[in-house]
Amino acid sequence: MYKYLTLLLILSFYQVRSQSDYIQQNTELNIQTKFRQYGGLFETSSRNSPMTAQFNKGQKCLVKSYLGNNKFKIEYKRWVGYVTSEYLVINDELEDVIKNYKENKDYNEDYVNNGIVEETKISIESRAKADEEISRREAVEAKAKADEEERIRVANEAKAKADEEERIRVANEAKVKADEQERIRLAIEAKAKADEEERTRLATEAKAKADNEERIRLAVQAKAKADEEDRIRVATEAKARADEEERKRLDLEAKAIAVQTEKRQPVDKINKQSNKIHRPDFSKKNTELNIQTKFNQYGDLYETSSRNSLEKAQFNKGQKCLVKSYLGNNKFKIEYKKWVGYVTSEYLVINEELEEAVKKYEEYSAIEIEKQDVELTQEELNIDETQKKNEDVELLGMELKHEVNVDKVETDDTMDQESRDIERNELRFTCNYQMNEIDTFYNEKIIKTENYKVSDHMKIELYRIGNKKHVFINFDSKLGCASYFTHNRSYAKIKLENNTVVTIYHSWNVDCANFSLKGILTNSSISKLKASPIKSIKLQGTKDFIEIKNVKYKEFFMDKLGCLD
């Protein structure tokens with residue numbers, strides 16, 4: 001009996017299962033609809049199912065089946081899952097599906113309920129175990145999925161961090177490279193700018209130097225032209241005066257001849273005595289030596305042989321000159337360049353020819369003195385007899401000589417003044433150097449001007465090495481040492497005619513010989529010194545000081561500072 005009952009229950013179970021499968025197969029709907037609000041898509045229809053995706057209001061989906069209890073199986077994009085009716089737009093097709101599902105459910109419930117009661121009892125335990133296994137498996141899968149998601153997230157974060165670090169590194173390298181390129185560009189631009197400024201400066205200096213040289217050349221040419229015109233004018237005037245003097249002389253000679261006609265015999269005697277007295281001095285002609293020699297030290301050439309004579313020129317050691325004559329008392333008349341003047345033997349190299357000339361002069365002078373003594377004695381015996389008769393002739397001769405001498409003195413003074421003016425202009429517009437060369441070891445320009453005489457006992461020279469400029473002030477007197485120490489530092493205060501005062505401090509080693517102050521010339525002091533002539537110079541040594549007011553070469557700095565460029 002029980003066997004038949006069991007078979008009946010089993011057959012009823014399979015019949016219900018087949019009908020349930022038939023119902024499920026008919027629910028594959030594939031109805032198109034939309035989501036009515038934001039929500040989640042779940043893997044199963046159970047309450048604790050994990051979410052597989054999220055959707056937004058208005059997005060489309062495909063309803064696969066209706067499971068009852070307002071639950072639908074849907075397909076959304078690439079996911080298939082479960083939602084409730086509250087998230088879907090329920091159109092007419094879905095309403096028909098829900099209605100049909102309820103009618104089939106009522107029909108099947110009566111048929112199935114009786115058969116499944118026993119089945120439920122039999123399978124409830126196995127169902128519980130299956131649900132537990134499914135839950136465990138789902139939990140494991142969810143854990144594995146969560147771990148994988150965490151691993152992916154960590155990996156993504158690490159990759160994003162590495163990418164960011166790489167981006168920062170690349171950006172920093174690019175910035176460093178750009179900064180270096182910018183630095184190089186700025187350095188190149190600065191170098192090009194500096195080179196251009198240096199080129200412009202050199203060009204400006206070269207142009208200024210060329211302009212200055214051209215100005216000097218034009219000034220010298222203009223002065224030479226004016227001097228030539230003055231020389232021609234003076235020569236013309238001198239010739240006119242000479243012609244006038246010759247005419248006067250002839251008139252006086254005519255008058256003298258008339259007087260001599262009246263008193264021929266006395267006059268003949270007087271003329272004889274006059275010829276003896278005014279006999280040409282052949283000794284002087286014999287001293288036209290024209291002997292070549294050199295100067296043995298720096299010195300001055302004077303206009304005359306007297307002690308108070310004016311200076312005509314300056315010469316340096318080793319320069320050549322031509323000795324014209326020996327005047328005695330160690331004095332020589334010489335020709336130096338275009339000047340003729342007088343010096344003493346201490347400034348000349350006395351060679352054998354000069355020694356012989358001096359010796360002959362001394363011997364001849366002794367003979368002349370004896371001869372003059374004899375003639376003087378004879379003249380004294382006859383002087384009383386001829387004195388009265390000679391008065392008229394001497395009077396006429398004195399008048400002639402006086403007029404001639406006056407004109408000659410005026411002409412000589414004019415020509416000497418013009419010669420001094422030419423010499424002074426040449427001194428002012430010409431740069432004379434003791435040294436003007438390039439130091440090949442240090443590749444520096446070295447310039448040292450001539451030691452120019454500025455006053456009676458003071459000379460100044462200018463010095464340049466590289467870009468540094470100096471002034472050397474040499475004073476021929478004892479003022480103590482030239483010191484650079486702060487407690488007794490030596491200095492020169494140069495007062496200009498525009499009342500500007502320029503102070504030059506001694507900056508070289510201590511010098512205790514003849515006072516020689518050596519100081520630095522700044523651009524400021526150079527511009528001031530070029531602006532005005534010198535009025536006075538005060539020199540301060542370690543023991544004494546002096547203020548020089550009688551400055552002969554007042555334009556020294558104005559003329560010579562340009563020689564250092």
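**Charges over rings**

I began with Lys538: its charged end sits over the ring of Phe545, 4.9 Å from the ring centre. I note that this is a predicted model. I then looked up Lys518. Its charged end sits over the ring of Phe472, 5.0 Å from the centre of that ring.

Phe545 led me on to strand S22, which covers 545–548.

**The sheet with S22**

I traced an open sheet of 4 strands. The order is S19-S18-S21-S22, and the pairing is antiparallel. Which strands stand at the edges? I found S19 and S22 there, each with a single partner strand, so one side of each has no neighbour in the sheet. I also took the turn between neighbouring strands of this sheet: 15° on average, direction ignored.

Next I checked S18 against S19. They pair in the antiparallel sense over 5 bridges. I picked out one facing pair: Tyr491 stands opposite Tyr505 in S19.

**Disulfides**

How many disulfides does the structure hold? I found 2. I remind myself that a disulfide is a covalent bond between the sulfur atoms of two cysteines.

Cys431 is joined to Cys563, with S to S at 2.0 Å. I read -80° about the S-S bond, and the link of Cys431 and Cys563 is left-handed. Cys431 lies in the loop between helix H6 (391–429) and strand S13 (433–439), while Cys563 lies in the segment after helix H8 (556–560), so this pair ties together parts that are 132 residues apart in sequence. I looked at both ends for accessibility. Cys431 counts as partly exposed at 29% relative accessibility. Cys563 counts as buried at 2%.

The other disulfide joins Cys481 to Cys512, with S to S at 1.9 Å. I read a torsion of about 105° about the S-S bond of Cys481 and Cys512, so this disulfide is right-handed. The pair links distant parts of the chain, 31 residues apart. Cys481 is in the loop between strand S17 (468–475) and strand S18 (491–496). Cys512 is in the loop between strand S19 (501–505) and strand S20 (516–521). Cys481 or Cys512: which is buried and which is partly exposed? Cys481 has a relative accessible area of 18%, and I book it as buried. Because the cut-off for buried is under 20%, a value of 18% still falls on that side. Cys512 is partly exposed at 49%. Exposed would need over 50%, so 49% stays in the class between.

I numbered the bonded cysteines in sequence order and got the pairing 1-4, 2-3.

I looked up two further cysteines. Cys61 is buried, with a relative accessible area of 2%. Cys321 is buried, also listed at 2%.

**Aromatic pairs**

I counted 23 aromatic pairs. I opened Phe55 and Tyr76 for detail. Their ring centres are 6.2 Å apart and their planes stand at 80°, so I file the pair as edge-to-face. Phe55 lies in strand S3 (residues 51–55) and Tyr76 in strand S5 (residues 71–76), so the pair ties together parts 21 residues apart in sequence. Are these two residues buried or exposed? Phe55 is buried, and so is Tyr76.

I then took Phe295 and Tyr336. This pair is edge-to-face, with 5.4 Å centre to centre and 85° between the planes. Phe295 sits in the loop between strand S7 (291–294) and strand S8 (299–302). Tyr336 is in strand S11 (residues 331–336), 41 residues away from Phe295 in the chain. Both Phe295 and Tyr336 are buried.

I went back to Phe55 and Tyr76 and followed the ring pairs outward. Which residues do they link into a cluster? I listed Phe35, Phe55, Tyr76, Trp79 and Tyr87.

**Around S4**

Tyr76 belongs to S5, and I followed that strand to S4. S4 and S5 run antiparallel and are joined by 5 bridges. I noted one bridge here: the partner of Tyr66 is Phe72 in S5. S4 and S5 form a hairpin with 2 residues between them. I checked the turn of this hairpin and found Asn69 with a positive phi of about 55°.

S4 also pairs with S1. Strand S1 (residues 31–34) and strand S4 (residues 60–68) are antiparallel over 4 bridges. My last look-up was Ile31, which stands opposite Val63 in S4.

Conventions
Residues are numbered from 1 along each chain as its sequence is written. This is a predicted model: local features need pLDDT of at least 70, side-chain atom pairs count only at pLDDT 80 or more; totals for chains, interfaces and linings use all residues. Side-chain values use heavy atoms; hydrogens and water are left out. A disulfide is a pair of cysteine sulfur atoms within 2.5 Å. Buried means under 20% relative accessible area, exposed over 50%, partly exposed in between (1.4 Å probe, protein chains only). Rings of Phe, Tyr and Trp (its six-membered ring) pair if their centres lie within 6.5 Å; planes under 30 degrees apart count as stacked, over 60 as edge-to-face and the rest as tilted. A charge sits over a ring if NZ of Lys or CZ of Arg is within 6 Å of the ring centre and within 35 degrees of the ring normal. Two strands pair if DSSP finds at least two bridges between them. Axes are lines fitted to C-alpha atoms, for helices over the stretch in contact, and angles run from 0 to 180 degrees between N-to-C directions.
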